[in-house]
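What follows is a guided reading of a single model, moving from its aromatic residues to the ligand site, then to one helix and to two residues in contrasting settings.

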Amino acid sequence: MNTVLLPSGRAVPVLGQGTWGMGEVPSAKAAEVAALRLGMDLGMSLIDTAEMYGEGGAEEVVGEAIAGMRAEAFLVSKVYPHNADRRGVQAACERSLRRLGTDHLDLYLLHWRGAVPLAETLEAFEALKRAGKIRDFGVSNFDLDDLREAEGLPGGKHVAVNQVLYNLVRRGIEWDVRDWCRTRGMPVMAYSPLESSPSEQANMLGRPALQAVAARHDASAAQIALAWLLRQEGVVAIPKAVTPAHVRANRAALDIVLSADDLAELDRDFPPPPRRIPLELR
Ligand code: NAP
């Protein structure tokens with residue numbers, strides 16, 4: 001699996017697995033665990049989760065999936081903004097570790113900005129790092145002003161990633177956030193790379209350019225949407241898939257090489273917004 005480097009020098013696989021929506025329905029758990037294991041076997045060892053997903057249920061699914069394979073996994077979890085004060089971060093992290101059945105996270109993110117001063121959250125992240133509970137920390141859903149503010153705070157230069165909504169129909173970060181991160185060696189983790197909801201996904205995947213490029217590569221539109229993200233320097237994609245065929249297809253997307261003509265055709269049908277827009281969120 002190709003990797004990108006965090007500012008700390010640690011390597012992150014460029015293609016991982018999301019878990020939003022997992023751990024919510026007990027009868028679905030076995031299939032969710034099996035999907036994550038299949039993904040791990042195929043090299044998608046980065047697993048993205050959060051205390052929010054299934055209110056801890058997704059972390060339990062991940063814990064079961066990585067049992068006996070912790071060393072191979074790159075685990076990302078996120079703290080709720082309302083838990084992001086000094087004590088709250090520590091307690092939330094301990095709960096996440098317990099549910100995941102591990103003694104450390106590879107990456108711990110602030111899920112989005114809330115009312116707790118950012119300086120306090122960063123200080124708490126630094127303390128977790130010193131205690132060996134997390135290897136790196138980062139942020140999610142941070143627009144340019146948030147990133148600038150973080151950079152100026154103690155610990156801010158250690159922010160390792162920004163996880164944001166990014167896909168063919170959500171290209172607003174190309175105005176500034178993506179390059180701001182790139183020049184600092186901070187990977188962008190693209191969430192909802194396939195547009196999550198069935199209706200929005202169908203709108204994106206059904207567009208003619210995507211269909212045409214997919215046909216040329218004997219691939220699916222979803223695979224091309226992923227390949228488009230994965231070809232970019234410093235971008236990590238974390239599609240969520242429970243269907244085994246989707247897991248396999250997502251891994252295979254990594255091997256698709258898009259040509260200049262493919263990229264031009266996709267740009268014509270999926271242009272970035274004509275002017276800067278506020279960061280889009282899920
Ligand atoms: P997504 O990964 O863009 O889309 C998931 C949907 O696409 C599921 O319905 C899945 O179906 C389907 N799918 C997966 N692979 C496919 C393929 N090859 N072909 C066709 N359909 C496919 O949406 P997401 O879950 O919103 O985003 C991914 C991850 O990003 C999340 O799970 C979460 O870890 C993270 N995230 C973070 C934030 C944040 O605020 N930081 C927000 C949203 C998401 P099946 O499950 O049936 O396979």
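In this predicted model, a convenient place to begin is the aromatic cluster that Y108, F125 and F137 form together. The structure as a whole holds 5 aromatic pairs, and such a pair of rings is described by the distance of the centres and the angle of the planes. An aromatic ring is also involved in another kind of arrangement, since the charged end of R184 sits over the ring of W180, at 3.7 Å from the centre of that ring.

From here one may turn to the ligand, which is surrounded by 27 residues, the closest being D48, L194, S196, H246 and N250. H246 has a polar side-chain atom 2.6 Å from an oxygen atom of the ligand, and a polar side-chain atom of S192 likewise lies 2.8 Å from a ligand oxygen atom. For S140, by contrast, the partner is a nitrogen atom of the ligand, which lies 2.8 Å from a polar side-chain atom of this serine.

Helix α8, which spans residues 208–217, has A209, L210, V213 and A214 as its buried residues. Viewed down the axis of α8, these buried residues fall within an arc of 130°, and they therefore line one face of the helix. The general background is that an α-helix has 3.6 residues a turn, so residues three or four places apart point the same way. The buried residues of α8 pack against α7 (198–205), α9 (221–230) and α11 (260–269), whereas the face turned away from the buried side carries the exposed residues P208 and A215. After α8 comes D218, whose phi is positive, near 55°.

Two further residues illustrate opposite degrees of exposure, and the first of them is T19, placed in the loop between β3 (16–17) and α1 (29–41). T19 counts as buried because its relative accessibility is 0%, where the cut-off for buried is under 20%. If its neighbours within four places in sequence are left aside, T19 is in contact with L36, I47, D48, T49, Y53, A58, V62 and K240; D48, in this list, is also among the residues closest to the ligand.

The second residue, D41, lies in helix α1. D41 is exposed because its relative accessible area is 61%, the cut-off for exposed being over 50%. Along the chain D41 and G23 are 18 residues apart, and their C-alpha atoms are separated by 21 Å.

Terms used: Residues numbered from 1 in each chain as written. Predicted model: local features only at pLDDT ≥ 70, side-chain atom pairs only at ≥ 80, totals over all residues. Heavy atoms only, no water. Buried < 20%, exposed > 50% of the residue type's maximum accessible area, 1.4 Å probe, protein only. Helix = DSSP H or I, 4+ residues; strand = E, 2+ residues; numbered from the N terminus. Arc of directions from axis to C-beta. Contact = heavy atoms within 4.5 Å. Phe/Tyr/Trp six-rings, centres within 6.5 Å; stacked < 30°, edge-to-face > 60°. Lys NZ or Arg CZ within 6 Å of the ring centre and 35° of its normal. Near = heavy atom within 4 Å. Polar contact = N/O pair within 3.5 Å; in protein donor to acceptor, adjacent residues only side chain to side chain.
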